[in-house]
Structures are given as structure tokens and as C-alpha cells.
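Good morning, colleagues. I would ask you to turn to the sequence and the model on the screen, and I shall then take you through them.

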Amino acid sequence: MVVSGVPQDKNVVPRSVARSTLALLRNHPIFCDLEPEALDQLCRYAKHSTLKRGATIFAKGDPGNSLFAVISGTVKISISSADGRSAILNLIGAGEIFGEIAVLDGQARTADATANTNCEIFAIDRREYLPFVRSQPELAMKFIELLCTRLRWTSDQVEQVILQNLPGRLAGALIRLTDKEDKLASGGRTIAITQQEISEMVGMTRESINKQLRVWAVRNWVRLEHGAIVVLDTAPLQALAEAGPQSEGD
């Protein structure tokens with residue numbers, strides 16, 4: 001497996017990386033129920049890579065040769081048009097997997113995957129992974145659940161873009177991103193995303209996003225940081241996301 005533009009590790013994977021891989025798999029909802037021997041086998045298939053921000057992992061139309069998991073950092077799943085416009089479909093964080101659609105159906109990639117930050121990933125070749133899944137039938141149901149989750153995420157995103165106004169779209173995007181967090185810390189949930197990136201996620205200009213976020217910052221619903229948005233109060237954002245287009249939120 002070759003990650004575009006990123007040199008692959010030439011040496012034996014360090015023990016610390018192997019431990020990180022095993023821990024990630026053991027804690028992942030898809031793989032957590034595997035027997036220790038099966039987890040060890042899956043770890044042996046995993047190829048480790050360290051990526052710089054902006055590195056291409058795969059592009060739309062590429063063959064789906066590998067399943068990927070994020071060890072640290074964030075990976076952006078996006079599409080772009082011929083005139084240079086971009087839309088972000090998802091942000092994949094540590095402990096999550098991506099690239100499963102093309103691996104399962106054997107077809108081409110449906111989107112681009114790019115390192116959104118410096119990150120570490122591992123990849124499992126489709127030729128090794130599919131026989132492994134056949135030997136572990138319970139994984140098939142786990143992947144059905146994962147695909148359903150992805151479909152629900154996409155359906156929610158499309159619904160927001162088509163039916164909601166800017167406040168509802170933005171609030172819905174922030175809620176979906178914070179839902180990925182394990183729990184709400186006392187200081188709020190920090191979403192590592194720029195205003196340009198979230199504008200590409202909700203289909204509005206960066207200027208409009210900035211204006212709305214500043215309104216919410218005054219109300220202490222969010223706090224704006226460099227390269228991040230901290231959600232301080234989810235309740236009013238949830239209400240906006242569910243209210244429909246009649247609510248402006250400003």
C-alpha cells in the first residue's frame with residue numbers, strides 16, 4: 001500500500017506503534033469483541049504511516065485497496081469540482097476508520113482523503129482484510145452498523161444543506177461534530193476545525209460563518225480559538241438545528 005506523497009516506513013514497526021495499533025483496535029467498537037489472537041493477527045496486517053498536514057492519502061477514483069484507521073490527528077474526507085470548489089463530507093479522528101466502502105465493494109474511491117493535520121494512520125490491505133472478515137463473521141454485522149452510521153451522518157448533512165438556513169446548518173454541523181466526543185468536559189468540547197473548513201462542510205461563505213459564530217460567542221454558546229471552535233452550550237445549538245428554517249438564531 002502506498003499513500004500518495006508520503007514515504008512509507010522502511011523499518012520494522014516500533015513496539016510503541018504496535019502497542020498503539022493494538023490499543024486502537026482493542027478500543028474500537030468494530031474490533032473490540034475480537035479474541036486476542038484475532039487482534040494480534042489484525043495488527044500484523046497493519047502498515048504504519050506518518051503523514052504531514054495536507055498529504056493525500058487517496059483521491060476520488062483511486063482503487064480501494066486498503067482500509068485505514070487513524071491513530072492520531074485528523075483526516076478530511078472531501079470532494080471537489082473542476083472549478084476548484086470543495087465540500088467536506090466528514091472529519092475522521094483518532095480511533096476511527098475510513099475507506100471501508102471501496103474496500104468492501106471493490107469499487108473506486110468515492111471521495112478524497114487528506115491529512116487535515118499531522119497524523120498517524122495504519123492501513124490494512126484489502127487482500128488480507130477480506131479473508132480476515134470472512135473468518136470473523138461478527139465483523140460483517142459491525143460493518144453494516146458502521147455503514148448505517150455513515151449513511152445517517154450523510155443524510156443529516158444533506159438535509160441541513162437543503163432545508164436549513166445558515167444558523168440551523170451551522171448549529172447542526174457543530175452538534176454532529178461534538179457528538180463524536182466521548183463526553184462534555186467542564187471547559188466545553190473543542191472541535192479542531194477552521195472556519196474555512198466548516199464553511200465547506202455547510203456550504204456557506206467563510207465570512208457568513210464568522211459572523212454567525214461571533215454572535216454565538218457573545219452569547220457564550222461557543223468560544224473561538226485559532227484553528228478550533230469550543231462548544232460551550234449545546235442546548236441552544238441543538239434547538240436551532242431542530243427548529244427548521246423559520247429560526248434565524250441571530
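I shall begin with the overall fold, then turn to two helices, the empty spaces, and finally some single residues.

Please bear in mind that what you see is a predicted model. The protein has nine helices and 11 strands. Of its 250 residues, 46% are buried. Its accessible surface amounts to about 13,000 Å², and carbon and sulfur atoms account for 53% of that surface. If we take the contacts between residues at least 6 apart in sequence, 73% of them join residues at least 24 apart.

Let me turn to helix H5, which covers residues 138–163. How far should the 26 residues of H5 span? At 1.5 Å a residue the expected span is 38 Å, and the end C-alpha atoms are indeed 38 Å apart, so the two values agree. The buried residues of H5 are Leu139, Lys142, Phe143, Leu146, Arg150, Trp153, Gln157 and Gln160. As you read along that list, it is useful to recall a general point. An α-helix has 3.6 residues a turn, so residues three or four places apart point the same way.

Helix H7, residues 195–202, is mostly covered, with seven of its eight residues buried. Those seven are Gln195, Glu197, Ile198, Ser199, Glu200, Met201 and Val202. Against which elements do the buried residues of H7 pack? They pack against strand E5, helices H5, H6 and H8, and strands E10 and E11. Just after H7 comes Gly203, which takes a positive phi of about 75°.

Both of these helices appear again in the second largest pocket. That pocket holds about 600 Å³ of space. It is lined by 29 residues, and the closest to its centre are Ile77, Leu89, Asn90, Ala111 and Thr154. Strands E4 and E5 and helices H3, H5 and H7 each give two or more residues to the lining. Helix H5 gives the most, namely eight. By class, the lining of this pocket divides into 18 nonpolar, seven polar and four charged residues.

There is also enclosed space to consider. The count comes to one cavity of 30 Å³ or more, and the space in the largest cavity is about 30 Å³. Which residues line the largest cavity? They are Phe31, Leu67, Phe68, Ala69, Ile97, Phe122 and Ile124. Strands E3 (66–72) and E8 (119–125) are the elements that give two or more residues to this lining, and E3 gives the most, with three. In class, the lining has seven nonpolar residues, with no polar and no charged ones.

I shall close with two loop residues. Pro63 sits in the loop between strands E2 and E3. Is Pro63 buried or exposed? Its relative accessibility is 53%, and the cut-off for exposed is over 50%, so Pro63 counts as exposed. The C-alpha atom of Pro63 is separated by 9.8 Å from that of Thr110, although the two residues are 47 residues apart along the chain.

The other is Asn220, found in the loop between helix H8 and strand E10. Asn220 likewise has a relative accessibility of 53%, and therefore counts as exposed. Most residues other than glycine have a negative phi. Asn220, however, has a positive phi of about 65°, although it is not a glycine.

Thank you for your attention.

Technical notes
Residues numbered from 1 in each chain as written. Predicted model: local features only at pLDDT ≥ 70, side-chain atom pairs only at ≥ 80, totals over all residues. Heavy atoms only, no water. 1 Å grid on protein atoms, 1.4 Å probe; cavity = no way out; pocket = protein on both sides within 12 Å on 5 of 7 lines; lining within 4 Å. Points joined across faces, edges and corners; volume = space filled by probe spheres on them. Helix = DSSP H or I, 4+ residues; strand = E, 2+ residues; numbered from the N terminus. Nonpolar A, V, L, I, M, F, W, Y, C, P; charged D, E, K, R; others polar. Buried < 20%, exposed > 50% of the residue type's maximum accessible area, 1.4 Å probe, protein only. Contact = heavy atoms within 4.5 Å. Areas by Shrake-Rupley, 256 points an atom, 1.4 Å probe, with all protein chains shown as cover. Expected span 1.5 Å × (residues − 1).
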